[in-house]
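Visitor: I would like a close look at one part of this protein, the space enclosed inside it. Please set that part in the context of the whole chain.

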Amino acid sequence: MNGGRKRCSIGKNCGGTCINGGDKCQLEMGASIANVLGMLLDHVQSRREVSLDREEHAKALKSMGVSSEKAKDMAKAAHPSGENGSLTTIAKDMGVGTKTAKAIAKSERDRLQPQKGQIAQLESVLGLGTQTRKEVGGDRSALIEEAKNLKSRKLSEYDKIEKLEMKLKRDQAETEQIQVVKDKGEKLWKEILEIDKAIKGPASATGNTRWARGDARDFDFDLTKNKLTREGDKKFFGWDDSYGSGTNKLGEGSYGAVVKNKDGTVIKRGDISINEAKIMKQLEDKDLVPKLIAADINGKGQNSSEAVDIRRGRIAMGLVPGEPIGDSQPDKKINGISVADAYWKARAELHRNGVAHNDMHIENVLVDDNGKGRFVDMGLAQSSPKAALAEAFGAFNYNRYGTPTHQPGVREEGDFQVKRFKGTAAHLIDRVDSSRTLEGRRDAMKELYQVSPVAARITSNKDRAVRQLQSMGLDKNEIATIMDHGIRNRMTTYSAGPWAKLSDEQAQIVINTLYKGV
């Protein structure tokens, strides 16, 4: 059963041993150990995302025909509190060898321990009292859902605080008043990061990884029931490498899950854009995104988007080196390059290639040890110079150019992803845009240059790019509309309003002007 791709030599689904990368086939272990493993694995698999308390665990085992005393002992072992040997003893009494019995007990304890830590984190960020904890009953899935809702509410609140801060700066409010709002925003952002950390859970969540292997197998089985459209290597058949030992879960969200196979291949399963693989292929020589290996797509996805056509599928790709920008300060140096500079260099290169990422937040931009930035998660990306221009200009404040005109069906927020995070130095760019005097603009630009020379260069180029749009026949209000157009909009919006006056070629010319010298 060892090796690259694991295939059952017996031809039966035993319940998880192969998924867990076991050394032996469960069906060849004998009835006694098979019974122990079967009870544990079947029980846990039926309640994958729930960390049961000891009493619930015992009840569940008794309902499966386990005697009361054994159920209590097994529940104690699964929820350690100083009595960790009970399951080992039971297994040994059933004729299982000492080494294997200990492995069974350790496997179950290891599975639940990270979950218990995550539950404690979730309860903490949600501020649950003792009574509420009892009502929730340690249901990890319910806690994660509540935490996601709380994070969403706090992000909305954070957006309002940021807009208020920008307004106060434009209105030249008192410094003390601006500082109060700024402090409130920073405190709120720390809370958001804590919630996000609790949602993701501990990095050593061995149970999560184990079940990700089973989920990968189940997903592939369902996906391949229908005819698939293949993009990339027609001869790639390494999907089932995700089912065995050495597979690690990298993350998951509403759109699906991502695992890394033993050989380093990264596989994303779930909802993907119909053009996601094609855009990765388009950029494969640019060293900006994961290298596409292969992608399979079939029916309509479970999610939807205004910007792209979401389908059900899987993508195999190379691993992108580096770490996400995260909550790093913009002036943090990596190999002599500031985080903000790495971000803006990568952003410039992507837009020069006529691609809008549409989700360019700090977790989707990775910086390696050489200070090179790259992108992951191209699920919302659009291959369109106009969409790229909307994202590029969306980093700036339109108030110096006119009043934007409402365009039906358009999310008019600029690029809210770049404006939201300090690691991009967007708050310093806003100071430049919001300055009403030449002296104020000069001082703000000097501060920006000290943190990110690249961002300062692009901000300086913006006025030249605006004049170029004027020479193409657009007035100030139309330019303001383009700057505020926002990201993740339907492609049809780029044929209406001021966009109708621009060709893709002209949009690309303006992009090149904006990023000249970068």
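How many cavities of 30 Å³ or more does the count come to?

Guide: The count comes to two cavities of 30 Å³ or more. Bear in mind that this is a predicted model. Rolling a probe the size of a water molecule over the atoms shows where empty space is left.

Take the largest cavity. It holds about 270 Å³ of space. Its lining is made up of 21 residues. Nearest the centre lie E162, M166, K419, H427 and D430. Four elements each give two or more residues to this lining: α7 (140-170), α8 (175-200), α13 (416-420) and α14 (426-434). Helix α14 provides the largest share, with six residues. Now sort the lining by class. Charged residues number 11. Nonpolar residues number seven, and polar residues three.

Next, the setting. The protein has 18 helices and 13 strands. Of its 518 residues, 50% are buried. Consider the contacts between residues at least 6 apart in sequence: 70% of them join residues at least 24 apart.

Confidence comes next. The average pLDDT of the protein is 81, and 75% of the residues score at least 70. Two stretches call for care. Residues 81-85 stay under a pLDDT of 50, and the model gives them four contacts beyond four places in sequence. Residues 203-207 also have a pLDDT below 50. That second stretch has six contacts in the model beyond near neighbours in sequence. Where pLDDT is low, the predicted coordinates should not be read in detail.

Now move along the chain to helix α17, residues 476-483. This helix is mostly covered, with six of its eight residues buried. Those six are E478, I479, A480, T481, I482 and M483. Their cover includes α12 (385-393) and α16 (453-471). Look also at the start of α17. There, a side-chain oxygen of D475 comes to within 3.1 Å of the backbone nitrogen of N477.

Helix α16 deserves a closer view through one residue, V466. V466 counts as buried because its relative accessibility is 3%, and the cut-off for buried is under 20%. Setting aside residues up to four places away in sequence, V466 touches F393, Y401 and I479. One of these, I479, is among the buried residues of α17. M483 is another buried residue of that helix. V466 and M483 stand 17 residues apart in sequence, and their C-alpha atoms are 9.7 Å apart in space.

Helix α18 (residues 504-514) continues the picture. Its buried residues are A507, Q508, V510, I511, T513 and L514. They pack against α11 (339-352), α12 and α16. Two of those partners, α12 and α16, also help cover the buried residues of α17.

Turn now to the strands. S273 sits in strand β4 (residues 266-273). With a relative accessible area of 1%, S273 is buried. A polar atom of the S273 side chain lies 3.0 Å from the backbone nitrogen of N275. Leaving aside neighbours within four places in sequence, S273 is in contact with I297, V308, D309, I310 and G379. One of these partners, I297, falls within β5 (292-300).

Two loop residues finish the tour. D287 lies in the loop between α10 (276-282) and β5. D287 is not a glycine, although its phi is positive, at about 55°. Its relative accessibility is 40%, so D287 counts as partly exposed. N335 lies in the loop between β8 (333-334) and β9 (337-338). The phi of N335 is also positive, near 55°, and this residue too is other than glycine. N335 is exposed, because its relative accessible area is 55% and the cut-off for exposed is over 50%.

Back to the part you asked about. The largest cavity has E162, M166, K419, H427 and D430 nearest its centre. Its lining has 11 charged residues, and α14 gives the largest share.

Notes. Residues numbered from 1 in each chain as written. Predicted model: local features only at pLDDT ≥ 70, side-chain atom pairs only at ≥ 80, totals over all residues. Heavy atoms only, no water. pLDDT = per-residue confidence, 0-100. Contact = heavy atoms within 4.5 Å. 1 Å grid on protein atoms, 1.4 Å probe; cavity = no way out; pocket = protein on both sides within 12 Å on 5 of 7 lines; lining within 4 Å. Points joined across faces, edges and corners; volume = space filled by probe spheres on them. Nonpolar A, V, L, I, M, F, W, Y, C, P; charged D, E, K, R; others polar. Buried < 20%, exposed > 50% of the residue type's maximum accessible area, 1.4 Å probe, protein only. Polar contact = N/O pair within 3.5 Å; in protein donor to acceptor, adjacent residues only side chain to side chain.
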